[in-house]
Amino acid sequence: MSTRPFELGDRVQLTGPKGRMSTVTLTEGGGLHTHRGVLWHSAILGRPEGSVLTSSNGDAYLALRPLLADYVMSMPRGAAIIYPKDAAQILALADIHPGATVVEAGVGSGALSLWLLRALGPTGSLLSFERRPAFAEIARGNVAGFLGEVPSNWEIALGDLADELPARGMQADRVILDMLAPWECLPAVSEALVPGGVLLCYVATVTQLSRTAEAIRASGLYTQPDSSETMVRGWHVEGLAVRPDHRMVAHTGFLLTARRLAPGAVLPAPARRASKGEYDAEDVEAWTPGALGEHVKSDKRMRRVARDARAVAEGAGVDLDGDRDGD
């Protein structure tokens with residue numbers, strides 16, 4: 001994170017009256033316009049982070065560069081993002097570290113890709129699979145907008161991981177699946193994941209969680225899967241008024257992790273089986289993507305979000321077309 005004064009093209013998080021936050025890209029002649037007044041960008045340029053500035057009507061605004069958690073919550077999105085609370089758990093549970101080779105699918109709006117790239121550092125590599133070109137464009141713009149470039153150690157591969165990963169013949173230390181039916185990718189993932197490597201699946205519903213866990217067990221290639229969810233509750237602390245916040249970020253998704261066994265290794269059977277471990281074909285049908293109701297965004301909305309993400313990248317001085325030509 002830079003400590004230099006604010007310059008043109010910088011993203012700035014402005015906190016105004018009543019704690020309301022606005023994120024802007026500093027431009028020549030630009031300003032934050034509200035019904036109460038205007039805070040001109042020229043008043044921010046050249047000032048250090050943490051400065052308090054005054055708008056035309058006298059309202060005070062605190063100016064800071066957005067943290068990554070702030071950025072992903074406000075960036076253009078074509079799909080629901082992985083929240084920072086889940087991203088932090090993913091980095092910990094999958095043991096993402098510098099130098100690792102990581103595969104993810106799908107890339108969505110690029111929120112998790114940003115967290116992974118930061119944890120991997122310049123010595124690691126990230127391969128992100130995305131079936132929808134519009135989503136790939138949005139993710140590319142969002143990543144470039146925050147990092148100021150499209151990292152050379154990051155590749156977005158268009159297509160289905162289940163089909164494309166085996167053709168690459170690569171090995172991965174970690175695989176992260178954020179998709180509707182992760183069990184469909186198990187054969188390809190199992191071929192690429194090194195012994196001891198971590199598979200982490202992010203799913204939204206209990207039916208997806210159950211189907212994924214049973215598919216991992218049935219493969220015989222992994223340790224027993226562990227499942228969890230993360231809930232974050234803030235607290236109001238002011239003098240003796242100490243109480244939980246009235247709202248909290250509760251369920252967003254389940255995290256399921258398992259580690260790849262060595263070739264030929266057979267995991268010992270668990271001492272006790274769950275009482276509801278049996279299921280039939282009718283149960284499996286309820287777990288299909290169609291039954292789960294995959295939500296498809298309109299082409300018009302996707303084009304608009306892609307334009308917004310491109311504008312964020314261009315505001316950071318990144319020419320995405322030029323970068324792509326140089327890939």
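**From a buried cysteine to the sheet**

C185 is buried, with a relative accessible area of 2%. The model it belongs to is predicted. C201 also counts as buried, at 1% relative accessibility. Do these cysteines join up? A disulfide needs two cysteine sulfur atoms within 2.5 Å. The sulfur of C185 is 8.9 Å from the closest cysteine sulfur, which belongs to C201, so the gap is too far for a bond. C201 has C185 as its nearest cysteine sulfur, and C201 is in no disulfide. The structure as a whole holds zero disulfides.

Now turn to the sheet. Seven strands make it up, and the sheet is open. Read across it and the order is β9-β8-β7-β10-β11-β15-β12. The pairing is mixed. At the edges stand β9 (154–158) and β12 (226–228), each paired on one side only. From one strand to the next, the twist averages 15°.

Look next at β15, residues 254–259. How is β15 held to β11? Six bridges join β15 to β11 (residues 193–203), and the two strands run antiparallel. Two bridge pairs can be picked out. Y202 is partnered by L255 of β15. L200 has T257 of β15 as its partner. Strand β15 also pairs with β12, again in the antiparallel sense, over three bridges. There, D226 stands opposite T257. So T257 has L200 as a bridge partner and faces D226 too. Is β15 enclosed or open to the outside? Five of its six residues are buried, so β15 is largely enclosed by the rest of the structure.

Helices lie against this sheet. Helix α4 lies across β8 (125–130) and β9. The direction of α4 makes about 165° with β9. Helix α5, residues 161–168, packs on the sheet as well. Which strands does α5 touch? They are β7 (101–105), β8, β9 and β10 (172–178). The angle between α5 and β8 is about 140°.

Helix α2 spans residues 84–93. Its buried residues are K85, D86, A87, I90 and L91. A general point about helices helps here. An α-helix has 3.6 residues a turn, so residues three or four places apart point the same way. What do the buried residues of α2 pack against? Their partners are helix α3 (111–120) and the strands β10, β11 and β15. After α2 comes D95, and its phi is positive, near 55°.

Last, the rings. How many aromatic pairs are there? The count comes to one. The pair is Y71 with F146: the ring centres are 5.0 Å apart and the planes meet at 50°, so the pair is tilted. That label follows because planes under 30 degrees apart count as stacked and those over 60 as edge-to-face, with the rest tilted. Y71 lies in helix α1 (residues 68–74) and F146 in helix α4 (residues 133–147), so the pair ties together parts that are 75 residues apart in sequence. Y71 counts as buried, at 1% relative accessibility. Another ring, that of F135, has a charge over it. The charged end of R132 sits there, 4.0 Å from the ring centre.

Note on methods: Residues numbered from 1 in each chain as written. Predicted model: local features only at pLDDT ≥ 70, side-chain atom pairs only at ≥ 80, totals over all residues. Heavy atoms only, no water. Phe/Tyr/Trp six-rings, centres within 6.5 Å; stacked < 30°, edge-to-face > 60°. Helix = DSSP H or I, 4+ residues; strand = E, 2+ residues; numbered from the N terminus. Buried < 20%, exposed > 50% of the residue type's maximum accessible area, 1.4 Å probe, protein only. Lys NZ or Arg CZ within 6 Å of the ring centre and 35° of its normal. Pairing = 2+ DSSP bridges. Axes fitted to C-alpha atoms, helices over the stretch in contact; angles between N-to-C directions. Contact = heavy atoms within 4.5 Å.
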